[in-house]
Structure formats: structure tokens, C-alpha cells
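User: Please take a close look at one part of this model, the surface near the DNA. I want to know what lines it and how it meets the nucleic acid.

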Protein chains: 2
Amino acid sequence: MLEPDRAAADSEAPRASAIAERLREQILSGKYGPGERLPSERELAERSGVHRSCAREALKRLAQEGFVAIRRGGGARVLPLEQAGLGVLQHLLMHAERPDPSLVSQWLDVHELVIAGGARFAVERADDAERARARSLLARLVEPQLPSAALWSVVDELTDLLAVASRNVVLRMVRNALTAQLRVGRKHVDNCPPHKALVQLASAIGRAVQQRDGDAAETHVRTLLRAQRKALLSRLQNA
Amino acid sequence: MLEPDRAAADSEAPRASAIAERLREQILSGKYGPGERLPSERELAERSGVHRSCAREALKRLAQEGFVAIRRGGGARVLPLEQAGLGVLQHLLMHAERPDPSLVSQWLDVHELVIAGGARFAVERADDAERARARSLLARLVEPQLPSAALWSVVDELTDLLAVASRNVVLRMVRNALTAQLRVGRKHVDNCPPHKALVQLASAIGRAVQQRDGDAAETHVRTLLRAQRKALLSRLQNA
DNA sequence: CCCCTAAGGTGGTCGGACCACTTTGGTCCT
DNA sequence: AGGACCAAAGTGGTCCGACCACCTTAGGGG
């Protein structure tokens with residue numbers, strides 16, 4: 001019942017992880033709709049050929065991720081997806097072999113809100129080391145013949161830096177939650193904006209950093225993120 | 001070792017919850033610094049007077065919340081707080097009897113970014129029922145002699161509505177994560193903005209909803225949230 | 001001094017058991 | 001026939017004890 005090959009995705013608690021993953025898949029594919037009851041710990045254990053404690057651990061994990069709610073005596077009931085935690089996102093995006101473009105678009109919208117807003121705080125509060133690192137990253141951004149993949153990777157580093165420099169733990173946590181284990185799968189984004197526009201944008205952001213101009217930083221970082229958005233979505237639809 | 005009174009906070013898995021809560025407390029208060037090892041499952045069990053499986057469940061919970069990382073053979077090591085998941089926020093805010101104003105301020109900043117940004121999407125995409133509900137909430141907002149607590153409760157309902165109407169699941173999830181079990185403790189905010197300003201603001205937001213004016217919605221919702229911010233923070237410092 | 005091995009410690013899983021609680025079905029009364 | 005009530009079955013929470021695979025660490029050998 002359990003293929004050790006695929007189950008080995010998680011080196012820790014492989015059996016529990018495998019069961020949890022299978023349940024997630026079944027929930028996301030609609031086999032268990034909102035309000036429905038998942039199999040009990042005992043039934044799940046027997047059906048999966050593992051001990052009850054193992055099945056229990058899988059169910060507890062799903063509960064903590066917000067997929068289901070567990071109540072003593074009643075079973076594990078599936079929760080509406082929009083009521084689930086942020087951790088569900090990664091499974092929502094991954095459970096199909098190609099992520100849903102609409103969902104990715106929503107993800108990008110929120111990411112843009114948070115990061116562009118954070119850019120304002122970042123340029124106002126960054127220390128000298130962080131500003132120097134920003135300059136360095138912006139310089140790498142406009143290197144001629146930089147491969148597209150490397151370019152977007154630099155952009156990712158830049159947004160990371162912004163989150164840190166914003167001096168806002170909550171913002172960092174939100175970004176962590178948004179990007180957790182999400183970097184995989186978005187490699188090989190082969191298109192990128194025209195180099196000339198990029199140079200202009202990088203210099204504008206650099207100026208904002210230098211002058212601690214929050215408004216300008218927000219505006220131009222948003223522009224950069226929109227370029228990334230365009231590249232990602234077009235890649236997603238043409239692939 | 002376990003006080004049933006305080007442990008009864010969680011009706012489900014009370015023993016595991018109590019142990020987890022105690023560990024969280026000790027981590028947040030610095031008894032276990034980043035990188036340090038928590039007691040092993042067996043030691044924790046013996047020390048707490050519960051079975052190992054119970055202590056284990058508590059540790060697993062902390063791991064999933066991002067407090068610690070568990071590795072086979074190595075123990076449970078405390079993770080840097082800014083690397084933790086959003087779930088730690090609620091414990092970060094609650095672990096002192098009075099939340100840290102600086103942290104609350106950061107929370108409010110992010111909340112403002114997300115909701116004000118979401119307001120733009122919301123007014124552009126809301127259906128008639130949602131717009132009607134927005135009108136109704138805005139009307140309640142300007143009721144004369146409305147108690148401050150009720151006023152802020154209406155504001156919360158309004159932001160909820162915005163998150164739903166934004167048609168952005170990711171945004172809803174982020175808001176859920178930000179507000180999860182956080183409504184408690186912020187009751188009795190006794191101050192509120194001048195009624196005249198409130199009337200003006202409500203009418204401005206209503207107009208934005210009616211005309212589906214995204215820019216205006218973002219601007220005025222942000223103003224409303226800043227008023228809420230001011231009230232909350234002053235309440236926090238004077239209490 | 002470093003590398004490498006072996007012992008101990010740790011988490012992961014197993015098997016079985018009891019309790020408290022919820023659900024559910026049927027019985028009994030109205 | 002309908003509703004209130006009660007008992008049995010089912011479910012999660014906890015306990016007990018055990019084994020295994022893996023990591024850590026201390027010790028011995030080079």
C-alpha cells in the first residue's frame with residue numbers, strides 16, 4: 001500500500017507523511033468535500049497497513065495545517081479551503097502537475113502588496129550594510145547577458161532583503177509563509193523584460209534606496225514585481 | 001505538575017496542549033535560545049508526568065508551528081523566531097500579559113498593507129450582495145452613540161468582507177492567519193475617532209464602493225485602519 | 001592530533017489497552 | 001406519529017511497553 005520510493009519524500013516520519021500526503025491529495029481533488037468526515041484513525045491505519053499512532057499523526061498534521069478539524073468523538077471533518085491555514089497554499093499549487101494560473105495570479109497579487117509595502121519601510125529603516133547589499137543586487141540585475149533564471153533569482157534575493165530590512169517580523173513571517181517551499185517549480189522562467197527598462201528600473205530603485213524615498217521605492221519595486229508577474233504567468237500559460 | 005485548571009484551555013488533547021504551551025512559554029521567554037535542544041520526548045514525558053506519546057505530540061505540534069525543527073536522532077532544536085511560521089504570532093503577542101506595542105505596531109502595518117490593498121480588488125470585483133452589505137456596515141459605523149467596542153467590531157466585519165470580496169483566496173488565507181485567535185484581548189478599546197471624521201470617511205468609502213473606484217477605496221480604507229491603529233496603540237500604552 | 005569506530009541517545013513505528021466523549025440508533029412515553 | 005430519552009457503538013486522547021533506524025558523541029586506534 002505504501003511505496004517506499006515516493007514516500008521517502010520526507011525523510012522524517014515517512015509513513016505518516018505519506019498518509020498525510022495521500023489525504024491532502026484526496027481532499028484537494030474533491031474526494032472528501034467540506035464538512036465530510038475522513039476515515040477514523042483506526043480505519044485509516046488498517047487500510048494503510050500502518051499502526052494507529054502513525055495514521056493519527058498524519059491526521060493531526062492535516063488538522064494543524066487547517067485541512068480538517070478534529071473533535072473528540074466526532075471524526076476529522078474537512079474544512080472549507082478558504083478557512084485553512086497558509087500552509088495549504090503549497091499543496092494547492094502543487095497538487096496539479098501545473099499550478100492553476102488564476103491561483104498563481106492571486107498569490108502574486110498578495111506578494112506584491114506585501115513586498116511593495118515592505119519596500120517603503122525597508123528604505124526608511126535599512127542600515128548601511130543592507131543598503132550596500134541592495135546596491136550590489138541591483139548592479140547584478142543589470143549585468144548584460146544575465147540568464148533569465150538568474151535574473152529572477154536576484155529579484156528573489158532582493159525581496160528577501162526588503163523583508164529583512166523592513167524591520168518587521170510579521171512581514172517577514174508572512175513572506176516566509178508565502179514563499180515556503182515554493183521556490184521549487186518556478187525555475188526556468190525564460191522570458192524577461194527588455195534590458196533597457198530593467199536598467200531604468202534598477203537605477204530608480206537604487207535612487208530610492210539612497211534617498212530613503214519610501215514612495216519611490218514602493219512604486220518601482222511594484223513595477224519590478226509586475227514584470228516578474230508577467231514573465232511567470234506567460235511562462236505558465238505557454239508551457 | 002499539570003494544573004488541570006489552566007491546562008483546560010484546550011478541550012482537545014489537554015495534556016499535550018499544556019505541555020506544548022509550557023514549552024512555547026519557555027522558548028519565548030528565552031529559556032531555550034535559538035539552536036538549543038529541547039528535552040527529549042522521554043525526558044519531557046517523565047518530567048511532566050505523562051506518557052511519551054503525549055509529550056511527543058506536544059513536540060510535533062511545536063515543530064509544525066515552526067518553533068523547533070525535529071530530526072531523527074538529534075533532538076528538537078529551537079528555530080530563530082523570524083524563521084517560524086505565522087502561527088507563532090499569536091503566542092508571541094500573548095505570552096506577556098500585555099502585548100508588545102512594537103510588535104502590535106508591526107502587525108498593524110502588515111494588516112494595513114494587505115487589507116488596504118485588498119480593498120482595491122474588493123470594490124472592483126464585489127457582487128451586488130457584498131456591496132449592499134458594505135453599505136449596511138458603513139451605515140452602522142456612523143450610528144450615533146455607537147460604543148467604541150461595537151465600532152471596532154464593525155470595522156473588523158468590514159475588513160472581513162473586503163477579504164472575501166477581493167476574490168483572492170491567498171489574501172483571505174493571509175488575513176485568516178493574521179487574525180487567527182487574535183480577536184480576543186483587543187476588546188474594550190475605549191477611544192475612537194471624532195464622529196464627524198468618521199462620517200466623512202464612511203461616505204468616502206461608500207462612494208468608492210458605489211463607483212468601483214479602487215484607488216479611493218484603498219486610500220480611505222487605509223485611513224480607517226490608521227484610525228484603528230491609533231486607538232489600539234494608545235489603549236495599549238495607557239492601560 | 002585526527003580519524004574512525006562503537007555505544008548510547010533520539011525520534012519513528014508498532015502492538016495492545018483503557019477512558020471520556022460524541023454520535024447514533026432504538027425504545028419508550030406522550 | 002412525533003418527540004424526548006437512553007444505551008450501545010464508534011471516535012479521539014492517553015497510557016503502557018517494546019523494537020528499529022538513525023544521529024550524536026565519547027572513546028580508542030592510527
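**The surface near the DNA**

Analyst: The residues near DNA strand C comprise 13 charged, seven polar and six nonpolar. Here, charged means Asp, Glu, Lys and Arg; nonpolar means Ala, Val, Leu, Ile, Met, Phe, Trp, Tyr, Cys and Pro; the others, Gly among them, are polar. The model is predicted: local features need pLDDT of at least 70, side-chain atom pairs need pLDDT 80 or more, and totals for chains, interfaces and linings use all residues. Residues are numbered from 1 along each chain as written, chains are lettered from A and ligands numbered from 1 in written order, and side-chain values use heavy atoms, without hydrogens or water.

A residue is near the strand if one of its heavy atoms lies within 4 Å. Of the 26 such residues, His51(A), Arg71(A), Glu41(B), Arg52(B) and Arg56(B) come nearest. On the DNA side, 64% of the strand C atoms within 4 Å of the protein belong to sugar or phosphate; the rest belong to bases.

Now the polar contacts (N or O pairs within 3.5 Å). In His51(A), a side-chain N or O atom sits 2.5 Å from a base nitrogen of DNA strand C. Arg52(A) also places a polar side-chain atom 3.2 Å from a base nitrogen of that strand. Gly73(B) uses its backbone: a polar atom there is 3.4 Å from a sugar or linking oxygen of DNA strand C. Two or more residues each come from helix H2 (14-28) and helix H4 (52-65) of chain A, and from helix H3 (41-48) and helix H4 (52-65) of chain B. Helices are DSSP runs (H or I) of at least four residues, numbered from the N terminus.

Conventions. Polar contact = N/O pair within 3.5 Å; in protein donor to acceptor, adjacent residues only side chain to side chain.
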